[in-house]
Structure formats: structure tokens, C-alpha cells
Amino acid sequence: MASLFEYAPAPESRSVVDIAPSYGLFIDGEFTDAADGKVFKTISPSSEEVLSEVAQAGAADVDRAVKAARKAFEKWSALPGSERAKYLFRIARIIQERSRELAVLETLDNGKPIKETRDADLPLVAAHFFYYAGWADKLDHAGYGANPRPLGVAGQVIPWNFPLLMLAWKIAPALATGNTVVLKPAETTPLSALFFADICRQAGLPKGVVNIIPGYGDAGAELVAHPDVNKVAFTGSTAVGKAIARQVAGTDKKVTLELGGKGANIVFDDAPIDQAVEGIVTGIFFNQGQVCCAGSRLLVQESIHDELLDSLKRRLSTLRLGDPLDKNTDIGAINSAEQLARITALAETGEAEGAERWSPACELPSAGYWFAPTLFTNVTQAHTVARDEIFGPVLSVLTFRTPDEAVAKANNSQYGLSAGIWTEKGSRILAVANKLRAGVVWANTFNKFDPTSPFGGYKESGFGREGGRHGLEAYLDV
Amino acid sequence: MSESSVRLNVFKTYKLYVGGKFPRSESGRVYEVSDSKGKWLANAPLSSRKDARDAVVAARKAFGGWAGTTAYNRGQILYRIAEMLEGRREQFVREVGEAEGLSKSKAGAVVDAAIDRWVWYAGWTDKIGQVVGGANPVAGPFFNLSTPEPTGVVTVVAPQDSSFLGLVSVIAPVIATGNTAVVIASEKAPLPALSLGEVLATSDLPGGVVNILSGKAAEMGPHLAAHQDVNAIDLAGADAALAKELEVAAADNLKRVLRPQPVDDWTADPGTHRMTAFLETKTVWHPTGSLGASGSSY
């Protein structure tokens, strides 16, 4: 069957993006070297090819960036909202214009399929700026009282799984409300943020309003700890989130944390199986499962377990893993060697603890970081693969008999970011959604995002919401 | 240089904007439009009640599609209008200056404010729902959500004095939320409105969403106010006597009526009332069931 329906390669052209051999830190409207001259290499995880060499921010650079943001704050926050809006609309439009270039860049630096960067990441990035642009002159209508004020300098630390989208989630509301920002992208995916710096230049954004400082965790920690930062926004692991919460204790810094998850995707026996299978696949294999709100625990009603698993396995056998720039690729590369090692170790733990492991026949490329789509069945709630966030293409399958049991199992987690419900019955959707301790509940769909829709977690998935009217609060002194 | 000084410039024939096309009045009538000093500017179409009815048909035809586009898409299109206007700024500065007797700099400020007004409403398309809608905590096991929806076809009697900023300030809020509009332009200064039609036609705005008629509000108004396929009317540009007459006529099918309100300064923050005046609120109930011991109660 495979040979008869083999696909011809359909690679997206790399020529739309021009990556410079080296990049500096973007501070006060200029690209500069790190104070101590340190640099690091960023590679393409699908080939291990070095893409560029990037300046690595240290403590002195963080301080310089925060000073630049502080200096820019007075004028930026005093601008009429309608003028700030127009800057953000410009940025949104330039992102739309350059979206193919940015999609290819993101795929190269992150390893995710071009299908996703082109059809999900980039449209959402532009939409997020467009949405918050419109809020800049409407803050009086946002429900926080008259003339709500910005906080000041926002220190923002973002992860590598959606580099440019997480940047948009952080920067768009911050600027709309009149804050200035220092943003640290992840060390494995600094490039799209540096291209964004160029977009700020094209948009004529005043110097110092946006500062981009690529670096490692130490730079992030310096930024969070900097005494002249008024707001800390972090997306990443729960462990680091807790460290940040400790670090800001006793200060008056406002904090929002968007952390890990172990989303339950609950399938009832009346669910349309084919539709549910697509949702399960989207839930855990979108972005190689490197998604904080992934549906990484499948809770399936016992009576349809075998039927659903058969369909799911059949579907997984058709997923195409390989060159992320190929337009037909479903599963791209894991973002880094470090992440691949973590996924590999957790999967081995799953096997060692007695869960049953399955993957479709799947050839992995020789270079780069790859992990085949993987299912664990016979999983209990005590298993590590049912409790820990794996952040990879690994799905743990559990069963339930009654709705009560489904809810109890779904809520049996330190996390509370997302959940999914599959059933044809509306009242069941709403009753179950009502009981789930999760910030986002998708019914008969999964992994849907929109700038107007608030996103964020319960429990140890963090606090604060990003998106929608609610997302403004994180950046206002209210 | 001397050649250019003797070159005769080409006049523009000002036409209506209906259903995405630029017709003349079916009546064949025109009237003279002059600047504030009495100098002839153009012959504008003197629209008839038949033109008004055609405009309603076009607006109704466009309503389903326009109301059905995503709020995001409507915002993109309204922003596109601002982009197109910015590119034709000089034309509008001249036309507004002539129409309202303003200096170039004052007319420039008016046009800038009108462009920014499109940007303001572009941002509202996907926010008004969160500001005026929301979940209702009813005392029972029900999901209960109220969302605003556009009311339908809105007749807009545009302001008489502020021929462009006032005009934009009354059209944009009507269409931002998904309504379609039949607009009667300022009678004595219709030219900026007729030129606006050319901008709308090149801004990805579907034909029929905005229809612009020039002529006499007192002639077309009563027909539109009584028209059974019009859902609402904005009386911004009607004088007190006409406003009362139109409000009485509008009662026949219970049109939503926005009465004329004194506006000293069209550049002031417009607030949200011009949008909410033409919104319906739809509330959806759905049982949430309950988690019974057996799980069977839902």
C-alpha cells in the first residue's frame, strides 16, 4: 500500500528567508553584541545544521535592556491609545505581509511542520497583534474602570514550542496597554524574535519599546529578578514557574505564569468515532505534542475502547513524519536533543512501569531529533506517563465507565490547563465541563486558539489569562 | 510649465454607490452642488424613492453574507478602508475643504480624524461581543449566554454639516457589527460621501454593505422610514420636524430609531452607543445536566 500511494516530495522553498550568519541583541532599537561578547549557535533540529550565531545576553545586557525599556516607557505610555493602536496595526499588517518568510524561518529554527507554521502559528500571530491593536484606544471599555494605567517595564520569558506566537501573546497586550517590554526568547529558537525586531523597525516603533535579548535560563532569571521590572510574564515549565513565584515574593511585581499541563481528552461512548480520532490526533500530535495544553491523557469509555484504539492506530499509521519543510509532513522534528532525551526517558519509564507501548511503523531520519508517534495502553493513574508532562508525541490511554469517574480521573492531576470532551449530547458536555478543573475546555474539537479567547490554567498550570479582554488585566495596574 | 497651466482638467461625474456599483439616479435628475462661497462644484444625482428602494434591496442582499463573516474579517476590511483613505487623503482634503469651507490644514485634520475613526471601529468588530455580551448566571442548571447580533438593514440620515467625519462616524459603527447601510448623504455637501463610495468599492467591502445616495433627506427619508424591509434608522442628519416624522413612520414596523443628538465635536471619543443602537441581544439556553450518582441524569 505504501509504495502505491507514495507522495512526491513537496518542499516549501527556503529562498523566501534570508538568515544572517550572526545576530546581536536588540536593545534600544539597535542590534548590539553581548557585553561579555558571548554567542551561541542556533541549529535546525531536523538536520542539526547551524542556522546562525546569536549574541547571548548576560546580566549586564539584561540591565541595559531594562534601562532602555524604562527610558522608552514615559513617552510610550503617554501616547494617545489611538496612536499606540496604529503602531500595532502596522506590526500586524507587516506580519501578514511577511508571513511566508516567517513561517519558513520558524519551521527551520523550531522543527515543526510548515503546514503548522503556515496555517496556524503565523495567522494567529498576526491576528493577535490585530486584536490587541484595537484595544489600545478602548481600555476605558474593558471593564477595569476609567483610564486604567500600564504597569511599566514588562520582563517576558517565552518557550521554544511556539516561538513567534508566544512572543505575540506577550508583546501585543503589553504594548497595547502602554507598557514597554524586554523579551527573552528560548535559546533553541531565537530567530523569529530577532526577525520581529526588524518588523518593529519597519513599523517605525519608537526605540526601546521592544527589546529582544536571546539567551539561556540565567538571562531569564536575571530579567525576572531585575528590580526595575514591574511585570513578569512567563510561559514554560511548572518547575521554573514555581522558582519565579518564589523569586518575586515580597516585591510588587505583577506576575502571570502559563505553565505545564496534562490535558485529559475524554471520549464518551456516543461520540462520533472518526471525528474523535481526528481530535485525539490533533490533541497530542500537533506540534509533536510539544504543547502545554496537549491532550496527552486519553480517557475513553470502556465500552468503545477497542473500537476507538483500532481506529486511532489505523490513523496514526498514516501520519507522515519527516522533513518539516515538506508541505505533506504531519510530524516534524523534536525541538532539541535535550527534549528528545527527556521524551525518550519518560517513554522508557512508561514501559518499565508496565504500560504497553505502541508506535506505527515509522522510519526516522538519520540526522536531527525525531520521535515516532507513540501510544501507551493499559495505563493506570499511578503511572508516570499518566502524571508527568512528557511534552512530546506520546499519548497515554486510560479508561472509565461513568461520567463521574471520567471527571475524577481528568481532575486527578497537579495540572489544570486544558481538557477535551467528545459526545453528541450537549447537556453532558456542559455538565462535564462544569466539573473539570481546567482553564480551557474543548468540546468536540481540540487545540483551538483565537486572540479573543482567554487562555490559561488552573492549579499548577499557572495563573493569569492571555487573550481576550481578560488578557489586558495582566498588563494593567488594576 | 506653460503647457500645464493651459491644460483643461477633467471633471468627475459624481455618481451614487449602490450594490457595489456606481449608478446615476434612475430618475435622471441632478442638482447643483456648490462650495461655501457659492462656486459650482458638480451636479450630484438627485436620488428618487426608487433609488432608495433599490438601495434597500442591495443592502438586504448583502446582509446575510456580511453579518456572517467573522468579526476578525470585518475588522480587517474596516482597517483596509482606513488604508485606502490614507492613500487618497489629498483628494478628500480638497473635497472636504470645498464642501465645508475649511482651510487646507483644518480639512486635513478632519480627514485624519475620519481615517482614525475607521481604525477605531476596525478594532471594535471583535470586541463589542465581550463588552456587551456574556454568560448569565441563571439560578438553574443551564448554560446561558447572551451575544449581540446585528439588527439588519439600517437607514442612515448622515449629518448635514460634517459631510465627511460626521458621515464616517455614523456609517462605521453600523457596519462594524455586521449591519448593512443605506445612507442619505449631506444634502448640501454630498461630494465627499460619493467619493467615499469609491474608497469602499476598493477596500474588499462586499457590494451592498454600504449604499450611498445623494439628494433630499426630506424626499427619500419618509420612504425609507416606512420601508418594511428596513430594520433601523439613524436620524443624525434630520432636523427636529423631519426626525419626528420619520420616527412616526418607523414605528410601523418597529424600527430601531437612533434620534438625532447634538454633536459639538465629531472628533470626540465616540463611545459605543452608535453600535449598541443597532444590535440585538440573543440569549441561548442549554441544560447543563447534572452529575448524578449513576451519571445517567444527563
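Two residues are said to be in contact here if their C-beta atoms, placed from the backbone, lie within 7 Å of each other. The structure described below is a predicted model, and the account starts from a single residue and then widens to strands, chains and the contact between them.

**One residue in helix α7 of chain B**

B:Leu165 is found in helix α7 of chain B. Leaving out residues up to four places away in sequence, B:Leu165 touches B:Val110, B:Ala113, B:Ala114, B:Arg117, B:Trp266 and B:Thr267. Is B:Leu165 buried or exposed? A residue counts as buried if 20 or more other C-beta atoms lie within 10 Å of its own, and B:Leu165, which has 25 such atoms within 10 Å, is therefore buried. B:Asp252, in turn, is 87 residues from B:Leu165 in sequence, and the two lie 31 Å apart in space, C-alpha to C-alpha.

A residue of chain A may be set beside this one. A:Arg387 has its place in helix α12 (residues 384-387) of chain A, and because 15 other C-beta atoms lie within 10 Å of A:Arg387, this residue is partly exposed. Although A:Arg387 and A:Gly261 are 126 residues apart along the chain, their C-alpha atoms are separated by 9.6 Å.

**Strand β5 and helix α8 of chain B**

Helix α7 (residues 165-176) of chain B also belongs to a right-handed β-α-β unit, which it makes together with β5(B) and β6(B). The strand β5(B) has parallel partners in β6(B) and in β8(B), and the table sets out these two pairings.

| Partner of β5(B) | Bridges and direction | One bridge pair |
|---|---|---|
| β6(B), residues 180-184 | five, parallel | B:Val153 with B:Thr180 |
| β8(B), residues 232-234 | three, parallel | B:Val154 with B:Ala232 |

In a regular strand the side chains alternate between the two faces of the sheet. In β5(B) both faces are covered, since B:Val153, B:Thr155 and B:Val157 on one side and B:Val154 and B:Val156 on the other are all buried. Five of the five residues of this strand, residues 153-157, are thus buried, and so β5(B) is largely enclosed by the rest of the structure.

Helix α8 (residues 191-201) of chain B is also largely enclosed by the rest of the structure, because nine of its eleven residues are buried. Among the buried residues of α8(B) are B:Leu191, B:Pro192, B:Ala193, B:Leu194 and B:Ser195.

**Chain A as a whole**

Chain A has 14 helices and 20 strands. Its radius of gyration is 22 Å, which is close to the 23 Å that the globule rule gives for 478 residues, so chain A is as compact as a globular protein of that length. Along its principal axes, the C-alpha trace of chain A spans about 65 × 50 × 35 Å. Buried residues make up 58% of the 478 residues in the chain, and of the contacts in chain A between residues at least 6 apart in sequence, 73% join residues at least 24 apart.

One part of chain A is an open sheet of three strands in the order β1-β5-β4, with mixed pairing. Because β1 (22-23) and β4 (39-44) of chain A each have a single partner strand, they stand at the edges, and one side of each is left without a neighbour in the sheet. Six bridges pair β4(A) with strand β5 (residues 49-55) of chain A in the antiparallel sense, and in this pairing A:Val39 stands opposite A:Ala55 of β5(A).

**The nonpolar core and the contact between the chains**

In soluble globular proteins, nonpolar side chains tend to be buried together. The largest nonpolar core holds 245 residues, and those touching the most other members are A:Leu88, A:Phe129, A:Ile266, B:Trp118, B:Ile171 and B:Val183. Helix α5 (residues 104-124) of chain B gives the most to this core, with twelve residues. Neighbours within four places in sequence aside, A:Leu88 is in contact with residues including A:Phe129, A:Tyr132, A:Ala133 and A:Leu175.

Where the chains meet, the contact takes 27 residues from chain A and 23 residues from chain B. On the side of chain A that touches chain B, two or more residues are given by each of α2 (81-97), α4 (114-135), α13 (403-411) and α14 (426-435) of chain A, and α14(A) has the largest share, with seven residues. The residues on this side of chain A divide into eleven nonpolar, nine polar and seven charged.

Conventions:
Residues numbered from 1 in each chain as written. Chains lettered and ligands numbered in written order. Predicted model: local features only at pLDDT ≥ 70, side-chain atom pairs only at ≥ 80, totals over all residues. Helix = DSSP H or I, 4+ residues; strand = E, 2+ residues; numbered from the N terminus. Nonpolar A, V, L, I, M, F, W, Y, C, P; charged D, E, K, R; others polar. Buried ≥ 20, exposed ≤ 12 C-beta atoms within 10 Å, placed from the backbone. Pairing = 2+ DSSP bridges. Right-handed = clockwise from strand over helix to strand, strands pointing away. Rg over C-alpha atoms; globule rule 2.2 N^0.38 Å. Core = buried A, V, L, I, M, F, W, Y, C linked by C-beta atoms within 7 Å.
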